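Could you walk me through this structure in the viewer, one selection at a time? I would like to know what to click on next and what is there.

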There are 2 protein chains.
Amino acid sequence: MTQIEQARAGSVTPEMEAVARSERLDPELVRSEVARGRMVIPANKVHLEKDLQAIGIGIAARTKINANIGKSAVSSDTECELEKMLLAVDCGADTVMDLSTGEQIDAVRRRIIEATTVPVGTVPIYQVAQQLDDIVDMQWQYFLDVVEQQARQGVDYMTIHCALLREHVPLTGNRLTGIVSRGGALVARWMAAHGEENPLYTHFDDLCEIMHQYDVTWSLGDGLRPGSLADACDEAQFAELRVMGELTHRARQRNCQVMVEGPGHVPMDQIERNVKLQTQWCDEAPFYVLGPIVTDIAPGYDHITSAIGASMAAWYGAAMLCYVTPKEHLGLPDLDDVRQGVIAYKIAAHAADVARHRVGARERDDALSKARFEFNWAEQFRLALDPETARRMHDETLPQKGHKKSHYCSMCGPEFCAMNMTEQLRKLEREKAGS
Amino acid sequence: MTQIEQARAGSVTPEMEAVARSERLDPELVRSEVARGRMVIPANKVHLEKDLQAIGIGIAARTKINANIGKSAVSSDTECELEKMLLAVDCGADTVMDLSTGEQIDAVRRRIIEATTVPVGTVPIYQVAQQLDDIVDMQWQYFLDVVEQQARQGVDYMTIHCALLREHVPLTGNRLTGIVSRGGALVARWMAAHGEENPLYTHFDDLCEIMHQYDVTWSLGDGLRPGSLADACDEAQFAELRVMGELTHRARQRNCQVMVEGPGHVPMDQIERNVKLQTQWCDEAPFYVLGPIVTDIAPGYDHITSAIGASMAAWYGAAMLCYVTPKEHLGLPDLDDVRQGVIAYKIAAHAADVARHRVGARERDDALSKARFEFNWAEQFRLALDPETARRMHDETLPQKGHKKSHYCSMCGPEFCAMNMTEQLRKLEREKAGS
């Protein structure tokens, strides 16, 4: 039985217990959220038998972040991608997706699943496209076999672009940037060549069987997400979202867990609308967004352009944020890009959790600010999202050990530190009150 | 006559004309916004006689960003700060504030005003505190003389903490991080020592005379801005904001231009409220915010934590954003920190301008996305906020010259580029349609 099936039957699974503990929620609440489909616990039975640590993704839980890794045909290798994965998890990624293309993707995936305790996601059509000379040659059974093979390996959630229909493609005809989802483009290419409906849609129930058998969580891929501000919130995007709503219901009927993926590139004033429509049309299925990027003008800094959109999306109700690295649009991220992407997204997720008043969310902020006010530099660094960077920056101008006890930093110096002055002022007030 | 005085008299000054041109607004609209006090044009008459380029700060104009520079007693020197200033302006800072403390601040300021065509702001109390052994020794005339001297040098706007009253200080007693504004802490210290009201408040009209004479724009400093999420939106902060409202009216009555400064550290769900209250209490005076930082847990990355808050504040109606660099809370920013801070804030300001549908705001996004879709890498880099960084990142994995014409990047490789596939798909459709 899948998590949703057990939840509906009234059972609190060990995974729900674990989620309740880490989220400081009542186990019964977790069960009811999973039963309702408003929370998913991506936990493939095969991966669970190894040492997967279950996490809950949904509006009742802390905002989660995903880090994409994976080699391309042009760049990187298995060891390098494993290193990125470990770094991402170390920096706080809640899940990782292996988006490898190129050779040996089976081996990369196996090693990634073995090496991590966080849920692992994939996009099976990449392997299909990789193994065939051309996606046009794809037969349905071939796709199904790849999905089953990956499920057997222990993949916890899969992005499959089932909701992109033939009739949607012409809606992208006037787009500035066309189709920017790799999976979406592959499906569109297949449909154009065959003159047939998307087989991932027509055979949806077959896929549900595999997803159900292993309890792989659906991540309904948004093949028509906008790739530029100009294309945001257009007919193509929303037509696909409506079909995602239909498929959410069908998957749930088959006792599968479902997330829904979202954009992309969206101006700030349209983010709330995107979240609200997804919530409404997809019956509150956890929304898993890529950014969104809020301006197209900053290649090299898209971890920032998208952290702005991601924090807002999470505040409005998105459940998981897929990171974007500084290298987005420019090349395959390296180790430092992965770190920058994860940190930016930890910030976005945490800021949203604070804004949503999630249980205990602000405790770390308060503890760090207390340490800051007390000039307890060591504690401030310890509590920082990236202690090493914080310490290094302090070291740049005040490297001596004694400076780690200074009641000032090099920004203001000893005479102009406002917090230092406050401290003196309070001392004076206490003395006055005591005298 | 000051800009507001002339605007009220019905005159469109050459500075208003210049603002109208650069903002693509009707000069009469600019005049009426300035007359209404909803837009300021910080342009000291002395600086104007040199080569100041006038800019408009207000809700009708593009969101502006300010870069703080200035040496501290602990770190940096004049040449280094000049270099930072030039870099900041080169990266797109609309104004700079010289926040120097330590020795020779007169000389630094003079050279900065000489070297730039953007408006320059200062915080005069820093010089006062620097020149006296202790701020407690400050006599009113001394403060006034420093303000006049800086005005004579050509400073275009000044942050003065006039609205922090004696009765406000006890409201900070239970704060987690007390007073975090240097100016605010100096004023509080003076008041505590003398047992008297803030002289910057009691002598406000004297200050208005100088501001009026040179047309220095007021930037009413928020001495009690919160320095942590825990202290956001407390009584102390809002008590001061109410007095800022009173002073806005008084300054305008004396034909002075006024901006109002804002926080600081604010959770995302409180940003809109902050902007709305300022707008209401300060009669729509341009709101000039520092961030706000939306989580305290990321020292080393506060350009990002604050770019999230700044973009939201600007979208809700703030007119100017004071940048925060990655070094915030840790040390004096170096050249690269300045660059990172300015770029993050250009992103925040631009994203808000797009979200507010300001005239032409999205044109650059669309042009860049068009270049991206056409694999016109050179044009994509040229239009990027930071062309050098974008090109360098692309070079990292695809350094050869020929790759700058490739229809893919190292992220997806030639087989998996969605935009490349879209291009082929569209070509196919065109051929079909033609046959």
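Here is a tour that starts with the two chains together and then moves to single residue pairs.

**Before you start**

This is a predicted model, in which local features need pLDDT of at least 70 and side-chain atom pairs count only at pLDDT 80 or more, while totals for chains, interfaces and linings use all residues. Residues are numbered from 1 along each chain as its sequence is written, chains are lettered from A and ligands numbered from 1 in the order in which they are written, and side-chain values use heavy atoms, with hydrogens and water left out.

**Stop 1: both chains**

Colour chain A and chain B separately. A rotation of 180° with 0.0 Å of shift along its axis lays chain A on chain B, with an RMSD of 0.0 Å (superposed by least squares on the C-alpha atoms of residues with pLDDT of at least 70 in both). That is how a two-fold axis relates copies. To find the axis, select A:I308: of the residues of chain A, its C-alpha comes closest to the axis, at 2.4 Å.

**Stop 2: the interface**

Now select the residues of each chain that touch the other. You should have 111 residues of chain A in contact with 111 residues of chain B (contact means heavy atoms within 4.5 Å). The copies meet through the same surface, because 100% of the interface residues of chain A are also interface residues in chain B.

The area buried between the chains is about 8700 Å², and carbon and sulfur atoms give 69% of that (buried area is the accessible area, with a 1.4 Å probe, that two parts lose on being put together, summed over both). Show A:I297, A:Y301 and A:F416 as sticks: they supply 9% of the area that chain A buries against chain B, more than any other three residues.

**Stop 3: across the interface**

How many salt bridges does the rule find across the interface of chain A and chain B? There are 2 (a salt bridge is a side-chain nitrogen of Lys or Arg within 4 Å of a carboxyl oxygen of Asp or Glu). Zoom in on B:E396 and A:K327, which form a salt bridge with their closest N and O atoms 2.8 Å apart. B:E396 is partly exposed at 40% relative accessibility, whereas A:K327 is buried at 2% (buried means under 20% relative accessible area, exposed over 50% and partly exposed in between, with a 1.4 Å probe and protein chains only).

**Stop 4: inside chain B**

Next, select B:D283 and B:R252, whose side chains meet in a salt bridge at 2.8 Å, N to O. B:D283 lies in the loop between α13 (268-281) and β9 (287-290) and B:R252 in helix α12 (residues 235-253), so the pair ties together parts of chain B that are 31 residues apart in sequence (helices, H or I of at least four residues, and strands, E of at least two, are DSSP runs numbered from the N terminus). B:D283 is partly exposed, with a relative accessible area of 24%, and B:R252 is buried at 5%.

For a pair within one helix, go to B:K432 and B:E429, which form a salt bridge at 4.0 Å, N to O. They are 3 residues apart in helix α19 (residues 418-434) of chain B, so about one helical turn separates them. B:K432 is partly exposed at 44% relative accessibility, and B:E429 is partly exposed at 37%.

**Last stop: one more residue**

Finish at B:E5, in helix α1 (residues 3-8) of chain B. At 17% relative accessibility, B:E5 counts as buried. Leaving aside its neighbours within four places in sequence, B:E5 is in contact with B:H212 and B:N255.
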